[in-house]
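Open your viewer and get ready to click along. Each stop below tells you what to select and what you will find there.

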There are 2 protein chains.
Amino acid sequence: MIDIRELQDSIQRTDSKIVMLVVDGLGGLPRSSDKRSELQVAHTPNLDSLARNSACGLTIPVLQGIAPGSGPGHLALFGYDPFKYIIGRGALEAIGVDTIDFIDGDIVARGNFCSVDTDNKLVDRRAGRIPSSESKGLCARLNQVEIDGLDLKVYHVKDYRFVLRIRGENLSDRLTETDPQRTGIAPLRVKARDSQAEVTAKAANEFIVQAKAILANENRANMVLLRGFSGMPSLPSFSDSLKLKAASIAAYPMYKGLTRICGMDVIPSGDTFSNEVDSLIKQFPSYDFFYIHYKDADAAGEDGNFEAKVTALENLDTHIPQIRDLNPDVLIIAGDHSTPSIMASHSWHPVPFCLWSNLTQGEGVDSFDEKSFRNGSLGTIAAVDIMTLALSHAGKLTKFGA
Amino acid sequence: MIDIRELQDSIQRTDSKIVMLVVDGLGGLPRSSDKRSELQVAHTPNLDSLARNSACGLTIPVLQGIAPGSGPGHLALFGYDPFKYIIGRGALEAIGVDTIDFIDGDIVARGNFCSVDTDNKLVDRRAGRIPSSESKGLCARLNQVEIDGLDLKVYHVKDYRFVLRIRGENLSDRLTETDPQRTGIAPLRVKARDSQAEVTAKAANEFIVQAKAILANENRANMVLLRGFSGMPSLPSFSDSLKLKAASIAAYPMYKGLTRICGMDVIPSGDTFSNEVDSLIKQFPSYDFFYIHYKDADAAGEDGNFEAKVTALENLDTHIPQIRDLNPDVLIIAGDHSTPSIMASHSWHPVPFCLWSNLTQGEGVDSFDEKSFRNGSLGTIAAVDIMTLALSHAGKLTKFGA
């Protein structure tokens with residue numbers, strides 16, 4: 001695989017504009033009753049109309065048979081080899097929240113409040129999904145933890161989730177996680193994966209001991225789980241290397257974090273997709289690449305709610321005309337992975353991909369769904385290759401070789 | 001390409017069971033009379049029914065345009081990069097026969113009895129395919145060969161085929177073969193490919209000289225050919241690295257040998273496919289991955305016998321219900337390569353591939369053949385990627401990245 005960055009000499013800045021709408025968990029699978037997928041069932045006249053005038057195909061997010069997290073799923077869409085650029089969950093969370101003070105040398109972890117019984121066995125890995133109103137105060141109390149020579153800080157994120165930041169000398173993120181991923185057994189101890197990480201492992205375990213003591217009298221949130229230990233990731237800048245002025249429009253912290261790591265400008269986007277579209281319209285003159293994120297399809301799929309995913313896709317459809325009215329030179333609808341409702345999880349299935357530009361005239365695909373897109377002109381391609389297609393269709397990638 | 005073994009941290013043991021039925025030489029080509037392939041002509045109601053409820057596609061065995069031997073064709077199906085893991089023919093034969101004493105440091109070669117004329121020119125590269133009843137005694141006589149400082153042993157395999165094993169100090173398999181692959185010229189001398197192999201080359205040539213003398217009065221089998229010199233191969237274990245308890249069910253020695261090298265349990269399988277299916281049924285509770293091999297399609301294709309290949313495929317079809325009745329969680333029908341009857345040889349053509357699980361609902365493919373499978377949801381994929389699909393569909397491969 002050639003990294004798109006190796007093509008830098010062939011990339012030129014132009015006035016053309018690219019909008020990449022990433023529909024989280026876009027792809028689905030047929031349900032057994034009528035053998036139709038969420039996209040096949042959903043009434044999406046605007047997406048169908050777009051598909052009729054676009055180049056269509058399917059993307060393999062990472063590799064055949066591999067269900068990716070949203071991190072690698074997105075990185076591939078932005079042209080980063082997801083096996084080369086690995087970003088820990090802690091860093092994704094930390095960078096997504098503006099107020100978290102996270103710098104080079106720090107180690108961050110994603111924390112969950114959880115519930116354990118008197119034998120320290122996990123009863124609920126999310127402490128009954130306690131609301132932010134309850135967990136904010138708990139985070140404040142966890143900031144009483146003190147460890148010699150280190151500066152620890154707990155930041156509330158949302159509901160039962162927080163970020164732990166450890167600051168000090170010679171820290172390492174080569175640590176194992178404490179979440180055993182199931183109930184009925186005790187949280188695991190943090191272990192160093194190599195000798196350089198032993199000081200950090202000891203600190204993380206000491207944090208957990210003190211945290212447990214602080215939370216001892218809590219009903220639900222009487223323990224914490226830590227995972228995704230990570231230092232500050234370092235990626236070549238998407239904006240610099242692809243010569244784009246790139247804006248990221250996402251409501252959820254994780255996607256803000258991810259795109260900030262990629263070197264995009266994360267612009268204020270409100271809480272809903274309507275807010276995001278408003279933001280896109282407002283900022284449209286100021287950038288030439290826009291990433292805009294739609295979360296609801298994935299959330300419904302993860303819940304195993306076929307009808308809710310259909311509704312989420314239909315809601316998305318109503319926003320398409322506003323985006324087309326901006327007249328971007330290239331409009332891409334892609335997904336970071338599939339989230340079939342019948343699986344209630346991310347999956348490895350190829351994801352519908354649609355690219356409109358004034359060069360695409362349609363190709364007989366008349367419906368926006370997995371099956372129709374199998375016959376699209378793009379075929380089934382690697383997600384990591386779509387940025388080259390985007391740049392070419394936007395006239396930003398010149399001929400390779402004489 | 002990412003080696004599936006790099007995903008080890010994402011693989012989990014589960015109770016789910018995978019059956020991979022490898023139909024040797026599965027793919028074919030249309031004959032000129034009615035432009036239909038063997039699979040299109042064959043009446044295969046059970047395979048068709050399976051395809052109607054499966055994810056279908058085509059596999060490229062090794063690379064576009066490359067006709068593989070059964071070795072690399074199978075290795076790819078098991079997730080081994082066939083360019084990285086090369087196993088000599090000698091080792092394949094030797095490891096497949098239980099009674100052959102072959103250990104680290106030994107060099108083995110696949111031997112053929114052949115016929116030469118009075119000028120030592122090849123007349124028949126297989127000595128008229130002499131039967132085992134005749135060749136067994138000849139092998140016993142070849143064991144009279146003695147070379148100073150070396151322990152040589154000739155093992156009968158089947159018909160005109162034998163294995164020569166050389167045991168001694170500092171041997172090397174970096175040797176050229178003696179079979180010129182055509183008649184009318186003399187067998188070649190063994191040459192060392194590098195200086196470390198000169199002792200072994202000399203021994204092999206000395207063996208041939210003595211063997212020719214021993215066979216001088218034979219009518220047909222009056223000479224030997226040696227090829228596929230190889231030491232003991234070393235591959236990462238399929239079972240360990242993919243966290244599977246894997247059973248191999250194959251009647252032919254070469255496939256036993258190959259899967260033994262891969263670290264599968266080679267279980268007694270009789271001589272026919274019926275025996276193999278009986279063995280599968282018997283062992284079904286004891287393993288969670290089953291490789292089961294069907295040879296007849298390849299044999300008929302190699303003979304250039306279109307009708308015989310059709311019959312072989314129809315015979316295979318009658319066994320499918322027995323296998324489905326076992327209720328494996330994932331059932332795969334794959335081929336190691338195509339063997340089109342019109343070519344009478346292995347070929348590079350994409351091979352039909354079909355994966356059934358409770359996640360596959362069918363996708364409009366209604367017939368088990370090359371042309372129908374082109375429209376399957378899997379598209380055309382690399383054979384080396386199918387184990388990831390198998391593991392994912394079996395719930396054994398967890399999400400990659402956060």
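The tour starts with a whole chain, turns to the pair of chains, and then visits single residues. Keep in mind that this is a predicted model.

**Stop 1: all of chain A**

Select chain A and show it as a cartoon. You can look for 13 helices and 13 strands in this chain. Its radius of gyration is 22 Å, close to the 21 Å that the globule rule gives for 402 residues, so chain A is as compact as a globular protein of that length. If you draw a box along the principal axes, the C-alpha atoms fill roughly 65 × 50 × 35 Å.

Now switch on the surface. The accessible surface of chain A comes to about 16,000 Å², and carbon and sulfur atoms account for 45% of it. How much of the chain is buried? Buried residues make up 58% of the 402 residues.

Try colouring the charges next. Chain A carries 42 positive and 51 negative charges, and the mean positions of these two sets are 2 Å apart. Before moving on, think about the fold: among contacts between residues at least 6 apart in sequence, 73% join residues at least 24 apart.

**Stop 2: chains A and B together**

Bring chain B into view. Two copies of a chain are related by a rotation about an axis and a shift along it. Here, a turn of 122 degrees with a shift of 0.0 Å along the axis lays chain A on chain B with an RMSD of 0.2 Å. The two copies are thus related as by a three-fold rotation axis. The copies use different surfaces, as 3% of the contact residues of chain A recur in chain B.

**Stop 3: B:Gln361, a meeting place**

Select B:Gln361 in the loop between strand 12 (351–357) and helix 12 (370–373) of chain B. Which residues does B:Gln361 contact, leaving aside its neighbours within four places in sequence? From chain A there are A:Pro30, A:Arg31, A:Ser32, A:Lys35 and A:Ile342, and from chain B there are B:Arg52 and B:Asn53. B:Gln361 has a relative accessible area of 15%, so it counts as buried, the cut-off being under 20%.

**Stop 4: two buried residues in chain A**

Go to A:His337, in the loop between strand 11 (330–334) and strand 12 (351–357) of chain A. Is A:His337 buried or exposed? Its relative accessible area is 0%, so A:His337 is buried. Show what surrounds it: beyond its neighbours within four places in sequence, A:His337 is in contact with residues including A:Asp24, A:Pro61, A:Ser70, A:Asp298 and A:His346.

Next, pick A:Ala201 in helix 6 (residues 198–214) of chain A. This residue is also buried, at 5% relative accessibility. Leaving aside neighbours within four places in sequence, its contacts are A:Leu175, A:Val190, A:Lys191 and A:Ala192. For a distance to draw, try A:Ala201 to A:Leu171: they are 30 residues apart in sequence and 9.2 Å apart from C-alpha to C-alpha.

**Stop 5: a covered helix in chain B**

Select helix 13 of chain B, residues 386–393. This helix is mostly covered, with eight of its eight residues buried. Among them are B:Ile386, B:Leu389 and B:His393. Following the helix you reach B:Gly395, whose phi is positive, near 70 degrees.

**Stop 6: asparagines in loops**

Back in chain A, find A:Asn120 in the loop between strand 3 (107–116) and strand 4 (122–124). Its phi is near 65 degrees, a positive value in a residue other than glycine.

In chain B, B:Asn170 also has a positive phi, about 55 degrees, although it is not a glycine. Look for B:Asn170 in the loop between strand 6 (161–167) and helix 6 (198–214), where it is exposed at 69% relative accessibility.

Then move to B:Asn327, in the loop between helix 11 (306–325) and strand 11 (330–334) of chain B. B:Asn327 is exposed too, with a relative accessible area of 59%. Draw a line from its C-alpha atom to that of B:Val19: these residues are 308 apart along the chain, yet the atoms are separated by 9.6 Å.

**Last stop: B:Pro72**

Finish in helix 3 (residues 70–77) of chain B, where you will find B:Pro72. At 30% relative accessibility, B:Pro72 counts as partly exposed. Outside its neighbours within four places in sequence, it is in contact with B:Val62 and B:Pro82.

How values were computed
Residues are numbered from 1 along each chain as its sequence is written. Chains are lettered from A and ligands numbered from 1 in the order in which they are written. This is a predicted model: local features need pLDDT of at least 70, side-chain atom pairs count only at pLDDT 80 or more; totals for chains, interfaces and linings use all residues. Side-chain values use heavy atoms; hydrogens and water are left out. Helices (H or I, at least four residues) and strands (E, at least two) are DSSP runs, numbered from the N terminus. The radius of gyration is taken over C-alpha atoms; the globule rule is 2.2 Å times the number of residues to the power 0.38. Buried means under 20% relative accessible area, exposed over 50%, partly exposed in between (1.4 Å probe, protein chains only). Contact means heavy atoms within 4.5 Å. Accessible areas come from the Shrake-Rupley method with a 1.4 Å probe; for residues, only the protein chains shown count as cover. Lys and Arg count as positive and Asp and Glu as negative; His and the chain ends are not counted. The place of a charge is taken as NZ of Lys, CZ of Arg, CG of Asp or CD of Glu. Copies are superposed by least squares on the C-alpha atoms of residues with pLDDT of at least 70 in both.
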